[in-house]
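Here is a short note for a reader who is coming to this structure fresh. The points are numbered so that each can be checked against the view.

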Number of protein chains: 2
Amino acid sequence: MTSDVSRGKAKRHSLATTFTQPKAFSRMPQIRQLFDADWPKTWEMIEPVFRAGDTFPYPSDITMDDAFDIWVSDPAKTFLAVDGAGSVVGTYYLKANQPGQGSHVCTCGYIVSPAARGVGVASAMCQHSQREAIAEGYRAMQYNLVVATNTNALRLWQKLGFDIVGTLPGAFDHPKLGYVDAHVMYKQLA
Amino acid sequence: MTSDVSRGKAKRHSLATTFTQPKAFSRMPQIRQLFDADWPKTWEMIEPVFRAGDTFPYPSDITMDDAFDIWVSDPAKTFLAVDGAGSVVGTYYLKANQPGQGSHVCTCGYIVSPAARGVGVASAMCQHSQREAIAEGYRAMQYNLVVATNTNALRLWQKLGFDIVGTLPGAFDHPKLGYVDAHVMYKQLA
């Protein structure tokens, strides 16, 4: 990747641009596949996000077993972001968004540890997921339900090349705000 | 429903408008829940649609058992449309489109027997599904992947109150046309 500076400059949303800057690179967590043994510490990190219930459409009283099914068993792959001290700072899953004739479009879900927000973990995971998706042969990535009030995520996905292709009126029952809009976001990868 | 003519007139997409006209009503099939014993004749009707592979994102070589899971086991409810002679002329399923905070939005899939196309079966099933969804407490209905080349369905859903809220570029791998767009369609019910 480090020899790709010139190519990175030429492509606006190139994944190379971030990873060829030493400063940005040094802040990036290591991203690797999640193994079953990682689950307890992963659950510890993501449980508060599921309990808060303001970003993902999972029941806020979801059980650990159901969360494992959603986050690890069902997806094709699940990844962990680990910082220099070995702490889990993020996780994401990758899977086909539809079967059959829709299976060339993937979808992902990302969670960043509250303790590690604002330092580029989500960005690193999204870029990693795009590379992974391309390597797996997917032609596009779709987010089905980006809650409109989750403005940080929205801005980040847009910065990383995703378009809001549709808005679903009142499609998310926010625990504090009631029915709020959600966006469908999409990025062509190939 | 028959006493609702005045209300039906006031609401452009009211379900009452169709059902209060005797001529339209007389052409409508009877719609009832599907029981396991109905499956063989249902599969016989829907198998060619799955094999053609140009409307639903299911592998065209899908097995009967997988089709049963998709059409009957997974959904909350599955219905049959039966004509005056007792023949199955259509079927649809109804289920929540997302879990948890998205579970107030439902989704449906509809199939009409090739032998019964153009006589209002899809329209009757869509209207039936909207009433059923409202009765079940859903606040909206969403179609996630309406293939852009399926123009008859597109026009019908729009006529029955659905908006195209988004277009997914190349999201459907059409068996004859290659990658074609698909639309996300949505209708508020409450």
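1. Start at a single backbone feature: Gly137(B) takes a positive phi of about 90°, and this residue comes just after α6(B). The model is a predicted one, and the phi angle, like every other value here, is computed from it.

2. The helix before that glycine is α6 of chain B, which covers residues 121-135 and so numbers 15 residues. From its first C-alpha to its last, α6(B) reaches 21 Å, close to the 21 Å expected at 1.5 Å a residue.

3. Is α6(B) largely enclosed or largely open? Eleven of its 15 residues are buried, so α6(B) is largely enclosed by the rest of the structure. Among the buried residues are Val121(B), Ala122(B), Ala124(B) and Met125(B). Polar and charged side chains are also on the buried list, including Gln127(B), His128(B), Ser129(B), Gln130(B) and Glu132(B).

4. Turn next to how the chains are arranged. Chain A is superposed on chain B by a rotation of 180° with 0.0 Å of shift along the axis, and the RMSD is 0.0 Å. That is the relation of a two-fold axis. Within chain A, Gly166(A) has the C-alpha nearest the axis, at 2.0 Å from it. Both copies use the same surface, since 100% of the contact residues of chain A recur in chain B.

5. How many residues meet between the chains? In chain A, 28 residues are in contact with 28 residues of chain B. On the side of chain A that touches chain B, β5 (140-147), β6 (163-174) and β7 each supply at least two residues. Strand β6(A) gives the most, with ten residues. By type, the residues on that side of chain A divide into 14 nonpolar, twelve polar and two charged.

6. One residue of β7 deserves a separate look. His183(A) is found in strand β7 of chain A, which runs over residues 178-188. Is His183(A) buried or exposed? It has 27 C-beta neighbours inside 10 Å, and the cut-off for a buried residue is 20 or more, so His183(A) counts as buried.

7. Leaving aside residues up to four places away in sequence, His183(A) touches Val146(A), Ala148(A), Leu154(A), Ile164(A), Gly166(A) and Thr167(A). One of these, Gly166(A), is the residue whose C-alpha is nearest the axis in chain A. By contrast, Pro114(A) lies 69 residues from His183(A) along the chain, and their C-alpha atoms are separated by 23 Å.

Methods. Residues are numbered from 1 along each chain as its sequence is written. Chains are lettered from A and ligands numbered from 1 in the order in which they are written. This is a predicted model: local features need pLDDT of at least 70, side-chain atom pairs count only at pLDDT 80 or more; totals for chains, interfaces and linings use all residues. Copies are superposed by least squares on the C-alpha atoms of residues with pLDDT of at least 70 in both. Two residues are in contact if their C-beta atoms, placed from the backbone, lie within 7 Å. Helices (H or I, at least four residues) and strands (E, at least two) are DSSP runs, numbered from the N terminus. A residue is buried if 20 or more other C-beta atoms lie within 10 Å of its own, exposed if 12 or fewer, and partly exposed in between; C-beta atoms are placed from the backbone. The expected span of a helix is 1.5 Å times one less than its number of residues.
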